[in-house]
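Reader: I'm new to this one and would like to go through it piece by piece. Could you show it to me?

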Amino acid sequence: MPDRAAADRRWLEEAIELSKLCPPSPTAFSVGSIIVSADGEVIATGYSREGDPHDHAEETALAKVKGDHRLASSTIYSSLEPCSKRSSHPQTCTQLILAAGIPRVVFAWREPNIFVDCEGAELLSAAGREVVEIPELAPAVRAINAPLLESSAD
């Protein structure tokens, strides 16, 4: 589906741009997320640390539209693979996406094994969600997170 592929790329590029709004952190990735309805309307956006230093992008976007009936046919775009392990909040972004009933997840970069061994893509797929990875956009996400990557190499 070329139109869907073009739309996925466009929305994911917008999510990557959102990640540039993240307050810097030496211990967390800068991530942007956009939830788009089946008819192409933006339902919500979010970025890491938008309201709280421990908030993740997907978590922030989902909190803005909790219970919205459009989630059942929407796509969530995230610059980074949704987390599958975390200590700062009781639910992971993967769990929140599953609980919201979102059927499609599109991301650019698989979370590197710096803080945790992330299995978000695998868990979402195993739960029957369509997971699309667009790795050609990953370099832009890595560039935004370069300070974090450099500090983890020390």
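Reader: Let's start with one residue: is Gln95 buried, partly exposed or exposed?

Author: First, a word on the ground rules: this is a predicted model, where local features need pLDDT of at least 70, side-chain atom pairs count only at pLDDT 80 or more, and totals for chains, interfaces and linings use all residues. Residues are numbered from 1 along each chain as its sequence is written, and side-chain values use heavy atoms, with hydrogens and water left out. Buried means under 20% relative accessible area, exposed means over 50%, and partly exposed is in between (1.4 Å probe, protein chains only). Gln95 has 37% relative accessibility, so it counts as partly exposed.

Reader: Which helix is Gln95 found in?

Author: Helices here are DSSP runs (H or I, at least four residues), strands are E runs of at least two, and both are numbered from the N terminus. Gln95 is found in helix H3.

Reader: At what angle do H2 and H3 pack?

Author: Axes are lines fitted to C-alpha atoms, for helices over the stretch in contact, and angles run from 0 to 180 degrees between N-to-C directions. H2 covers residues 57–64 and H3 covers residues 93–100, with their axes 9 Å apart. The angle between them is about 30 degrees.

Reader: Which residues of H3 does H2 meet?

Author: Contact means heavy atoms within 4.5 Å. On the H2 side, the residues are Glu58, Glu59 and Leu62. Their partners in H3 are Cys93, Leu96, Ile97 and Ala100.

Reader: How many residues of H2 are buried?

Author: H2 is mostly covered. Its buried residues are Ala57, Glu58, Glu59, Thr60, Ala61 and Leu62, and they pack against strand E1 (32–36), strand E2 (42–47), strand E3 (75–80) and H3. Out of 8 residues in H2, the buried ones number 6.

Reader: Why is Cys22 not bonded to Cys93?

Author: A disulfide here is a pair of cysteine sulfur atoms within 2.5 Å. Cys22 is buried, at 9% relative accessibility. The closest cysteine sulfur to that of Cys22 is in Cys93, and it is too far for a bond, at 12 Å.

Reader: And which cysteine sulfur is nearest to that of Cys93?

Author: Cys93 is buried, with a relative accessible area of 0%. It is in no disulfide, and the nearest cysteine sulfur is 3.8 Å away. That sulfur belongs to Cys83.
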